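Q: I'm new to this structure and would like a close look at one part of it. Could you pick a residue, walk me through its surroundings, and then work outwards from there?

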Amino acid sequence: METVDLLIKNGQVVTAAGHDGPVAGENMNELEVLENGCVAVKGEQIVAVGLEDKVMSEVQITDKTRIIDATDKVVTPGLIDSHTHFIFGGSREDEFVMRIQGASYMEIMEAGGGILNTVRATRAASLEELKELGRKRLDWMLKMGTTTVESKSGYGLNLEAELKQLQASYELNQEHPMDIVNTFLGAHAWPEEYKDDHEGYIKVIIEEMLPKVKEAGLAEFCDVFCEKGVFSIEETREIMLAAKEMGFDLKLHADEMTSLGGAELAAELRAVSAEHLLMISDEGIDAMRDKGVMAVLLPATAFTLRKPYAPVQKMMEAGLPFALATDFNPGSSPTPSLPLAMTIACLYMQLTPEAVFNAVTINAAYALKRADQIGSIEVGKQADLVIFDIDSYRKIPYFYGVNLVDKVIKKGKVVVD
């Protein structure tokens with residue numbers, strides 16, 4: 001029998017296990033839950049999970065094993081935030097007030113605010129300043145149960161600043177308990193110096209930025225903000241094909257403000273995910289499902305912008321799998337809280353607690369191509385676990401505005417206690 005370093009017992013264990021691929025359709029409302037469950041960890045891996053008698057027959061406890069009694073508590077996989085922009089300089093609370101007074105997202109952008117406001121602050125910040133800001137935000141997320149996060153660039157919009165953003169999150173991935181997955185988003189907006197020369201900026205992205213990012217190993221994914229007034233379908237396709245040729249996996253900001261056909265483009269390019277999707281067409285839903293593209297939905301953004309929510313019920317009926325993420329950024333979703341995004345999804349998208357847990361665990365792992373390592377409590381997977389100080393997983397989205405996290409375990413080590 002294998003000796004173990006950590007044993008969690010007597011908890012309500014939400015395994016999110018038992019699936020051969022992403023969860024979709026009515027299966028989103030099914031969630032494997034073990035009452036009085038037990039999880040055993042050796043090193044960084046889960047080595048046993050089940051009821052206590054079963055687990056104790058498979059492992060050996062020593063005087064060095066840490067035993068955590070999770071009676072009246074919930075044990076879940078580490079939450080996965082598969083769409084964020086957490087490395088940025090400055091803040092935009094003035095725009096928050098403008099939004100309260102009725103200004104739209106695009107009106108704020110056209111007035112010189114929005115993304116370009118953050119670009120100016122991010123370009124002015126040093127690498128160390130961006131790292132310290134990012135470290136603080138990672139701490140916020142970790143304390144609320146997030147153990148893996150995607151980090152998009154896109155607040156540099158020139159070679160030096162884009163590399164600086166990606167370098168900040170790359171170094172934090174080495175230094176912080178959180179796992180960070182980098183995405184290059186140089187095509188996030190038109191920089192002021194190229195506002196009248198779109199072809200020139202696309203050339204910079206394809207000929208300078210993408211090769212340097214690839215050479216430095218700073219990003220796994222490439223993303224483009226495909227939207228009316230930002231990057232057109234044709235411009236997005238040009239950038240994405242170049243990125244794919246260089247070996248990047250693809251993500252796509254699609255159909256957020258208008259039904260532009262971004263979802264169909266994501267399917268055409270066989271992107272890993274298409275994200276936002278508030279205005280996705282029925283044809284886009286079917287195309288993404290048929291080509292295996294994950295939908296990443298961002299309820300806190302729709303909440304902040306007071307926009308219609310993504311048509312998730314249509315997605316479920318069509319069998320399109322989806323993940324949920326915060327879109328944590330300084331403008332349209334200034335929240336690092338996945339539990340809050342889960343609550344919003346329950347209340348305003350009419351999703352069950354079971355569906356939102358599948359969407360922030362196993363499906364979010366698929367959205368980052370990490371489902372073989374994280375996203376469920378299964379033998380052989382990385383021991384990323386959260387213990388919530390509440391006696392039912394359904395109470396986690398129910399009690400909003402309070403942090404219910406008791407402990408966070410990352411790669412087998414207790415990092416929040």
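A: Here is a walk that starts at one residue, Asp 179, and moves outwards. Keep in mind that this is a predicted model.

Let's start with where the residue sits. Asp 179 is found in strand β10, which covers residues 179–187. Is Asp 179 buried or exposed? Its relative accessible area is 18%, so Asp 179 is buried, given that the cut-off for that word is under 20%.

Now for the company it keeps. Leaving aside residues up to four places away in sequence, Asp 179 touches Thr 147, Thr 148, Val 149, Asn 173, Gln 382, Lys 410 and Lys 411. One of these neighbours, Gln 382, also has a polar contact with Asp 179: their side chains are joined at 3.1 Å.

That list makes more sense with the domains in mind. The domain assignment splits the protein chain into domain 1, made of 2–77 + 376–416, and domain 2, made of 79–368. Asp 179 falls within the range of domain 2, while Gln 382, Lys 410 and Lys 411 fall within the ranges of domain 1. How many residues take part in the contact between the two domains? On the domain 1 side there are 34, and they are in contact with 30 residues of domain 2. The C-alpha centres of the two domains lie 29 Å apart.

Close to Gln 382 in the numbering comes Lys 381, and this one has a charged partner. The side chains of Lys 381 and Glu 378 meet in a salt bridge, at 3.6 Å from N to O. Lys 381 counts as buried because its relative accessible area is 8%, whereas Glu 378 is partly exposed at 26%. Elsewhere, salt bridges with shared partners tie Arg 66, Lys 73, Asp 406, Lys 407 and Asp 417 into one network.

Let's go back to strand β10 and follow the chain onwards. After the strand comes a loop that leads to helix α7 (198–216), and Glu 192 sits in that loop. Glu 192 forms a salt bridge with Arg 120, with the closest N and O atoms 3.0 Å apart. Arg 120 belongs to helix α4 (residues 115–124), so this pair links distant parts of the chain, 72 residues apart. Glu 192 is partly exposed, at 46% relative accessible area, and Arg 120 is also partly exposed, at 36%.

The next residue along, Glu 193, makes a salt bridge too: its side chain meets that of Arg 123 at 2.9 Å, N to O. Here again a residue in the loop between β10 and α7 is linked to one in helix α4, this time 70 residues apart. Glu 193 counts as partly exposed with 44% relative accessibility, and Arg 123 does as well, with 28%. If you'd like the wider tally, a search of the whole structure finds 28 salt bridges.

One last stop, out on the surface. Which residues make up the nonpolar patch there? They are Phe 303, Leu 340, Leu 347, Tyr 348 and Tyr 400, and the patch spans about 540 Å². Helix α13 (residues 338–349) gives the most to the patch, with three residues. Leu 347 has its place in helix α13, and it counts as exposed because its relative accessibility is 54%. Set that beside our starting point: Asp 179 is buried at 18%.

Methods: Residues are numbered from 1 along each chain as its sequence is written. This is a predicted model: local features need pLDDT of at least 70, side-chain atom pairs count only at pLDDT 80 or more; totals for chains, interfaces and linings use all residues. Side-chain values use heavy atoms; hydrogens and water are left out. Patches are made of residues with over 30% relative accessible area and no salt bridge: like charges are joined within 9 Å, nonpolar side chains (Val, Leu, Ile, Met, Phe, Trp, Tyr) within 5 Å. Accessible areas come from the Shrake-Rupley method with a 1.4 Å probe; for residues, only the protein chains shown count as cover. A salt bridge is a side-chain nitrogen of Lys or Arg within 4 Å of a carboxyl oxygen of Asp or Glu. Helices (H or I, at least four residues) and strands (E, at least two) are DSSP runs, numbered from the N terminus. Buried means under 20% relative accessible area, exposed over 50%, partly exposed in between (1.4 Å probe, protein chains only). A polar contact is a pair of N or O atoms within 3.5 Å; within protein, one must be able to donate a hydrogen and the other to accept it, and residues adjacent in sequence count only if both atoms are side-chain atoms. Contact means heavy atoms within 4.5 Å. Domain bounds come from an automatic or database domain assignment.
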